[in-house]
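The exercises below are meant to be worked through with the sequence and the structure side by side. Try each task before reading the solution that follows.

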Amino acid sequence: MSPSPPRVLPLVLQVEHLRRIFSKLNPDLDPQRIDWDITGKGPLDPTAPYSENHQNMENAYPQYKWFETSKDRAETKEQAIEEYADFLDYLLGLAVIPEAREEMKPVLEKALSDYKYRTERDIEKTTLRKTVKKLEEQLLEAKRTGKTQTEIIKKEIPKIKKETERPKIPKPRLLPPPPETCPIEGTHLSLLTRIPVKGPVRLTEEEESFRQAMHLPTLTEEITWIDVPPTLKVWVCEAPTPHYFERSADGRLIQRTQEYLYKKILREAAKLRKITAPLPTLPSIGLPPTHRPTPPVVLSFQRWLRQIKNMYFTEYAKLSEEGRKNMRDEYEKWVSNNIRGLFK
Ligand SMILES: [Zn+2]
């Protein structure tokens with residue numbers, strides 16, 4: 001008899017349900033600001049049941065409403081603990097050979113009590129789940145091929161012990177500042193690490209010397225991406241022609257042009273790198289341009305879907321296999337055209 005683990009609802013369906021809950025409880029917010037990644041790179045864990053992923057989302061985005069009532073939240077947590085207990089039961093009873101069960105039992109009990117501890121305190125459980133899941137996979141593989149499980153157990157038990165013995169100190173549930181929107185058209189604002197700028201921009205002598213000292217490219221009519229130094233904070237909205245903002249000391253948004261920000265970045269970066277202005281006699285024209293290729297501007301597949309195809313990843317996931325392939329081909333073509341365009 002082949003052991004079959006308790007079934008987990010496919011993540012695509014979990015996401016559908018979670019999106020519905022998010023939209024119902026946060027009707028004014030755009031679900032697009034949530035990371036719905038289903039490959040395990042975001043807060044959603046493809047190996048976890050719905051009850052756990054529901055909590056994962058709340059832990060990742062505590063500023064939004066994820067449960068209708070506190071009773072709902074408590075019940076979801078209880079359910080997650082029960083489901084994890086079921087999973088460990090199955091693991092001990094079916095995946096572990098009888099001779100090894102004595103040794104495994106206390107370890108899995110520890111895993112369960114750690115799971116409970118984390119659930120009650122809203123601490124992530126993904127690492128614990130992955131460690132135990134890896135053990136399960138190895139045990140099943142050994143069972144299938146008739147190999148001994150003893151060595152696997154010897155190797156994996158310390159990992160689970162380590163994972164469960166030092167529960168992380170719960171993070172205080174400090175709420176991040178409320179989500180901000182563009183005062184012009186109301187789309188979501190996000191913090192930028194680079195800003196796109198286009199030439200021509202007239203620089204002062206001092207600014208030009210900073211630019212050269214930092215080996216930044218001269219601006220052309222093509223877009224150049226300039227890193228925002230860590231001491232500056234620049235926000236951008238999601239409008240087709242985005243608006244850029246800084247914040248005043250009292251938190252108000254101040255709109256800035258890209259040219260303004262470019263100049264400010266030059267000064268700020270020079271300050272950070274302790275580059276001082278040269279003697280004022282330095283000519284500002286006729287300087288040899290420092291030419292460096294700009295880094296390629298490549299959107300990730302998911303961003304490309306959103307920005308170019310106006311499609312959510314979950315919608316893409318629902319396409320036929322052929323439809324998905326066509327979409328990926330189109331994306332690859334777009335990327336290679338884009339890169340070629342940049343270096344031409
Ligand atoms: Zn805007």
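A crossing of two helices is called right-handed if the near helix is turned clockwise from the far one by less than a right angle, and left-handed if it is turned anticlockwise. The model used in these exercises is a predicted one, and its protein chain has 11 helices and six strands.

**Exercise 1. Helix 1 and helix 2**

Task: Find how helix 1 and helix 2 are set against each other, and which residues make the contact.

Solution. Begin with the two elements themselves, helix 1 with residues 11-25 and helix 2 with residues 50-60, which pack at an angle of about 50 degrees with their axes 11 Å apart. Angles under 35 degrees count as roughly parallel and those from 65 to 115 as roughly perpendicular, so helix 1 is oblique to helix 2. Applying the definition given at the start, the crossing of helix 1 and helix 2 is right-handed. The last step is to name the residues: Gln 14, His 17 and Leu 18 make the contact from helix 1, while Tyr 50, Asn 53, His 54 and Met 57 make it from helix 2.

**Exercise 2. Helix 3 and helix 4**

Task: Decide whether helix 3 and helix 4 are roughly parallel or roughly antiparallel, and describe their contact.

Solution. The axes of helix 3 and helix 4 come within 10 Å and cross at roughly 170 degrees. Since angles over 145 degrees count as roughly antiparallel, that is the relation between helix 3 and helix 4. Their crossing is right-handed. On the side of helix 3, the contact involves residues including Ala 80, Tyr 84, Leu 88 and Leu 91, and on the side of helix 4 residues including Met 104, Leu 108, Ala 111 and Tyr 115.

**Exercise 3. The nonpolar cores**

Task: Work out which elements supply the largest nonpolar core, and what Ala 111 touches.

Solution. The largest nonpolar core has 16 residues, and those with the most contacts inside it are Leu 88, Leu 91, Leu 108 and Ala 111. Two or more residues each come from helix 3 (70-95), helix 4 (101-120) and helix 5 (126-145), and helix 3 gives the most, with six residues. Setting aside neighbours within four places in sequence, Ala 111 is in contact with Leu 88, Leu 128, Val 132, Ile 160 and Thr 164. There is also a second, separate core of 15 residues, which includes Cys 182, Leu 189, Val 234 and Tyr 244.

**Exercise 4. The open sheet**

Task: Trace the strand order of the open sheet of four strands, and find the bridge partners of Phe 245.

Solution. The order of the four strands is 1-4-5-6, with antiparallel pairing. At the edges are strand 1 (190-191) and strand 6, each of which pairs on one side only. Moving inward, strand 4 (residues 235-236) is joined to strand 5 by two bridges, and the two run antiparallel. Strand 5 (residues 244-247) also pairs in the antiparallel sense with strand 6 (residues 253-256), over four bridges. Phe 245 in strand 5 is the bridge partner of Trp 235, and Phe 245 stands opposite Gln 255 in strand 6. Finally, strand 5 and strand 6 form a hairpin with five residues between them, and Gly 251 in the turn has a positive phi of about 90 degrees.

**Exercise 5. Buried or exposed?**

Task: Classify Pro 240 and Arg 118 as buried or exposed, and then look at helix 7.

Solution. Pro 240 is placed in the loop between strand 4 and strand 5. A residue is exposed with 12 or fewer C-beta neighbours within 10 Å and buried with 20 or more, so Pro 240, with 7 inside 10 Å, counts as exposed. From C-alpha to C-alpha, Pro 240 lies 9.5 Å from Gln 307, although the two are 67 residues apart in sequence.

Arg 118 is found in helix 4, and because 23 C-beta neighbours lie inside 10 Å, Arg 118 counts as buried. Arg 118 and Thr 164 are 46 residues apart in sequence and 10.0 Å apart in space, C-alpha to C-alpha.

In helix 7 (residues 205-213), the residues Ser 209, Phe 210 and Arg 211 are buried, and the buried residues of this helix pack against helix 8 (258-272). After helix 7 comes His 215, with a positive phi near 55 degrees. For the protein chain as a whole, buried residues make up 17% of the 344 residues.

Conventions: Residues are numbered from 1 along each chain as its sequence is written. This is a predicted model: local features need pLDDT of at least 70, side-chain atom pairs count only at pLDDT 80 or more; totals for chains, interfaces and linings use all residues. Two strands pair if DSSP finds at least two bridges between them. A nonpolar core is a set of buried Ala, Val, Leu, Ile, Met, Phe, Trp, Tyr and Cys residues joined through C-beta atoms within 7 Å. Two residues are in contact if their C-beta atoms, placed from the backbone, lie within 7 Å. Axes are lines fitted to C-alpha atoms, for helices over the stretch in contact, and angles run from 0 to 180 degrees between N-to-C directions.
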